[in-house]
Every structure is written in structure tokens, then in C-alpha cells.
Amino acid sequence: MGDRYIELYQVNKSYQTRHGARRVLENVSFRLERGAHLGILGRNGAGKSTLIRLLSGAEYPSSGRIDRHMSVSWPLAFAGAFQTHLTGLDNLKFVCRVYGVDWKPLLPFVEEFTELGIYLREPVVNYSVGMSMRLAFALSMAIEFDCFLIDEGMAVGDSRFGDRCHVELFQKRRERSFILVSHDPHIIRMYCDRVAVLHRGRLFEFETIDAAYDFYESQQVPPPAVVFD
Amino acid sequence: MTSLSASFVIQRRVIWALLMREIITRYGRHNIGVLWLVAEPMVFTVGVATLWTAAGFGHGSAMPVAAFAITGYSSVLLWRNAVSKCNAAIQHNFNLLYHRNVRVMDVFATRIILEIGGTTASFVLLSALMIGTGFIPVPVDLLTAIFGWLLLAWFGAALATMVGAAASFSEIVDRIWHPVSYFMFPLSGAAFMVDWFAPPVRDVLLWLPMVHGVEMVRDGFYGHLMRTHYDPAFLAGTNLLLSMAGLLLLRAAGRRVKANP
């Protein structure tokens, strides 16, 4: 158990712009053990989505290192991770093949959770926003990860869906890790036991959620001109 | 760290998943579905073979025109289609990279396997059909033909990796690729035999790697009827260099890949 963690060392990330390289993340370091719940507060353009992309492995740091000693999910309920010309069931099969899991035992859970009925066998392009969200969340829950990445957005959807996500993730999978990035302090206060603030590409960690919240509130700096969210 | 054998298992699994996904996405489940992968190059090749036969093209060769067209046009498809499919591969599949196990190399491998597999199946099927119906004679040296085909397939895969990876650095690559592939078609050996030309021209033509592959395939088919000029070592050497350059570029491309705006 103790040797399962993800660690970032001095991670920097820059992107080329027309005005030269622009650094979006600056010397970000932290270590997260399995079972820890980290909330990262940040305003628009603070680098939250970039950090999520680096954590999931979709992009690489410009310098620095990320050591993964536990399995890390794709961004939770991220609808972009599936192919809309495929049916919901095809997407389940695809994700299962990628992670080496048998899809058949998972079908009852996905059917029950998504409440898609016959639409599970229809192309995702024909889904409503709510239906896609339920599918995306169910697929994220179908594969068992040590650490889940959550990029805000989860608060959308009706309250019934929200409650069920809450049960699946924060109650049934409480012993896993998660990294939740959001600009909403209340969500982080509710679910996280560690909190950090991402401000202009730098990560500040705080002992208490209140201290982090105070710092976050006091930073009245407007977001930078170029937004990478 | 994941061991080499464990990585191999993961990679095989991921490529399989991507293959299934790509097939269903591209061809769907309507009418003949995945068979289009083979049918599409077949339709192209049959069309070209018919045109060339009608025009009496390739009569400078002792080879039956139909066989001349099939060996020629199929080999162009072999190195051209994979490249075209790889040029936009990273851009189209960025979201897949959120899955930790899916890397740009898997995305490339999938597209290359599909294109080369489809063209190969089309070529084998067409040849078998025409030989079976007695339209063209049985090839005299199947092993040489197969070896030539495999070298060409390797050339296609290596070129696709290199051009596709380079295309992710600059969109100019994709823009230039279209005219280049267009001009390469008449030079590729598809529509001529090297022996038709006098030695100075011949030597120039033999600088093009794919010419060696086509000549070799044709030697395997009806080498007893005409003279062919090729050097498998030259093609293999080029392939090796292209492969190394391609893999290096692909590694660099994978490290700088970024989300679509």
C-alpha cells in the first residue's frame, strides 16, 4: 500500500505562442499517496486543465518528471475520451480492451447506472448531453483505478445524477485517491483532505482548507490574457 | 517500471482495441462494413487495370497488361495510403492519449496495419481471382514476389511513420506531401519497367526505393518473360534508415503533442 503514489518533481510546462514560449506550469511538485484526496483550487487560466493533461499522461512536461506508481484514470466523465460514431456499448468495449478488462461482467452496472435502455446500442451522437454524461461517468467507474482525476464539471447534471456520482465515487471508492481541480471551494471543502491553490502556474499547498481558501480569495489578480482551458 | 514483456502485452492489447475502434468508426456496420477496407483498393485497382488494358498501356512489356497494372497500382497504394492516413493521425486521436496506455506509436501502428493489411488483401485477392480464372498465368516465383511485396510494405510503414510524425511538427509537411505523392506516382515504377529505359536514365530511376520493390514483385510474377532491375539490399537499407528516422521523429512528436484548441 505504502509504495503506491504519484509524484511530480519540478514540473514545468510551456506552450509556444506567437509571442514566444509561455510558461503555464512552473516548478509544480507534489506527492500523493493512495487514499489521499487532493483538491486543487484555481481560477480560469491558472493551469488546471494543463495539470490534468500532464497527470493523465496525455501531454508530457517540458521539464521535470512525473513518477506514477499507481494507476491514474483519464479525466473523470470526460466525454472527449469516447468516440461519438460508436455506440455506448462499443465505447465500453473499447475502454475495457485498452485496460485489459472483460466487459461482460460490467454490462449490468453500466446498463443500470446510465439508464440508457436501447440507446446503449445506438451511436453516441444521438445522445442528449445528460445521456453522454451518464455514459462517460459509468465508463470511468467501470475501470478500477488507484487514482481518479476529476476536472470540475462534475457539478453539472441534475441532482439525482449528482447524488449517484457522489455515492459511486466518494463513498464506494473512498479508499482510492483522487485529484479534484475546481474553481469552486465548496466542492473541495466537501470531498478533499488536502488542498492546494494553483495560481498563475504555481502550486501552493496549505495546511488547512481555510488557509487555502483565504489565499484563493485574496488573489484578485485577473486571469492572464491567454487562456489554455 | 513495466517490463519489456509486460509492455508488449499492453501494446498488443491497445493496438487491438484501436483496430476494432477504427474499423467500426470508419466503416460502420452498414452493408459490407469492414470489407470496404479490401474492396476500396480493389475497385481502384480494377479501374486502373481496365483503363490501362483498354489503352494498350504497358505493351512495351512482355507482361500481361492486367498483371502489369495490378502489380503496379497495388504497390503505389501500399506506400501512399498509409502515409496519407498517418498525417492527421495525432491530431484526430489526441483524446485517446488521455488513456495512459495509448501512445502515439499505437495510433500510428493501427493506421499502418489497417492500410497495409487492406491493400495486401486486395492485391492477393485480385491476383488469385485472375489466376484462378486463367486471365493471367500463374506467377513463376512466388517467394520473390512475396519478398518484394513485404519490402514495399515495410517501405510504406517507415515512410508513413516518418512523414506522419513530421506532419505533427508543421502542417507544411502535409501540404507538400500531396503534390510529392502525386509526382511520385509516375516515377514509382508502377507504370513502367526499368528495362524500357537506356542505362543512364535507368540508373537515375533506381535511386527511387519503391522502383526496386515493384520490379521485384514483377520479377516474381513473370520474371522469365522480361528483364527486371532491382537490389533488395538497397530497398531494405533505405527502409532501415527511414524506420530509424521515423521512430526518432515519432518519439519527439509524442513528447510535444498537445491538445487541440
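## Helices, sheets and contacts in a predicted two-chain model

Helix H1 of chain A is mostly covered: 9 of its 9 residues are buried. A residue is called buried if 20 or more other C-beta atoms lie within 10 Å of its own, exposed if 12 or fewer do, and partly exposed in between, with C-beta atoms placed from the backbone. Helices (H or I, at least four residues) and strands (E, at least two) are DSSP runs, numbered from the N terminus. This is a predicted model, in which local features need pLDDT of at least 70, side-chain atom pairs count only at pLDDT 80 or more, and totals for chains, interfaces and linings use all residues. Residues are numbered from 1 along each chain as its sequence is written, while chains are lettered from A and ligands numbered from 1 in the order in which they are written.

The buried residues of H1(A) include A:Lys48, A:Arg53 and A:Ser56. Just after H1(A), A:Gly57 has a positive phi of about 95 degrees.

**The three-stranded sheet of chain A**

In chain A, 3 strands make an open sheet in the order E2-E1-E4, with antiparallel pairing. Two strands pair if DSSP finds at least two bridges between them. Strand E2 (20-33) and strand E4 (63-68) of chain A each have a single partner strand, so one side of each is left without a neighbour in the sheet. On average, neighbouring strands of this sheet are turned by 25 degrees against each other, direction ignored. Axes are lines fitted to C-alpha atoms, for helices over the stretch in contact, and angles run from 0 to 180 degrees between N-to-C directions.

Strand E1 (residues 5-17) of chain A is joined to E2(A) by 10 bridges, and the two run antiparallel. A:Ile6 stands opposite A:Leu32 in E2(A). H1(A) packs on this sheet and touches E1, E2 and E4 of chain A; the direction of H1(A) makes about 60 degrees with that of E2(A). Two residues are in contact if their C-beta atoms, placed from the backbone, lie within 7 Å.

**The six-stranded sheet of chain A**

Another open sheet of chain A has 6 strands in the order E5-E6-E7-E3-E8-E9, and its pairing is mixed. Its edge strands are E5 (72-75) and E9 (202-206) of chain A, each of which pairs on one side only. Neighbouring strands here are turned by 20 degrees against each other on average, direction ignored. Helix H7 (residues 209-218) of chain A packs on the sheet, touching strand E3 (37-42), strand E8 (194-199) and E9 of chain A, and the direction of H7 makes about 15 degrees with that of E8(A).

E5(A) pairs with strand E6 (residues 147-151) of chain A in the parallel sense over 2 bridges. A:Pro75 stands opposite A:Leu149 in E6(A).

**Where chain A meets chain B**

The contact between the chains takes 21 residues from chain A and 19 residues from chain B. On the side of chain A, the elements that give two or more residues are H1 (48-56), E5 and helix H2 (88-99). The largest share of that side, 4 residues, comes from H2(A). By class, the side of chain A that touches chain B has 11 nonpolar, 6 polar and 4 charged residues. Here Ala, Val, Leu, Ile, Met, Phe, Trp, Tyr, Cys and Pro count as nonpolar, Asp, Glu, Lys and Arg as charged, and the others, Gly among them, as polar.

**A helix pair in chain B**

The axes of helix H3 (residues 65-87) and helix H9 (residues 209-222) of chain B come within 10 Å and cross at roughly 145 degrees. Among the residues that meet are B:Ala67 and B:Trp79 in H3(B), and B:Met210 and B:Phe221 in H9(B). By class, this contact of H3(B) with H9(B) has 7 nonpolar, 4 polar and 1 charged residues.

**Two single residues**

A:Met131 is found in helix H4 (residues 129-142) of chain A, and B:Thr161 in helix H6 (residues 142-167) of chain B. The table lists their surroundings; residues up to four places away in sequence are not counted as contacts.

| Residue | Other C-beta atoms within 10 Å | Class | Touches |
|---|---|---|---|
| A:Met131 | 18 atoms | partly exposed | A:Leu116 and A:Tyr119 |
| B:Thr161 | 27 atoms | buried | B:Cys86, B:Phe108, B:Ser243, B:Gly246, B:Leu247 and B:Leu250 |

The C-alpha atoms of A:Met131 and A:Phe204, 73 residues apart along the chain, are separated by 37 Å. B:Thr161 and B:Val83 are 78 residues apart in sequence and 7.4 Å apart in space, C-alpha to C-alpha.
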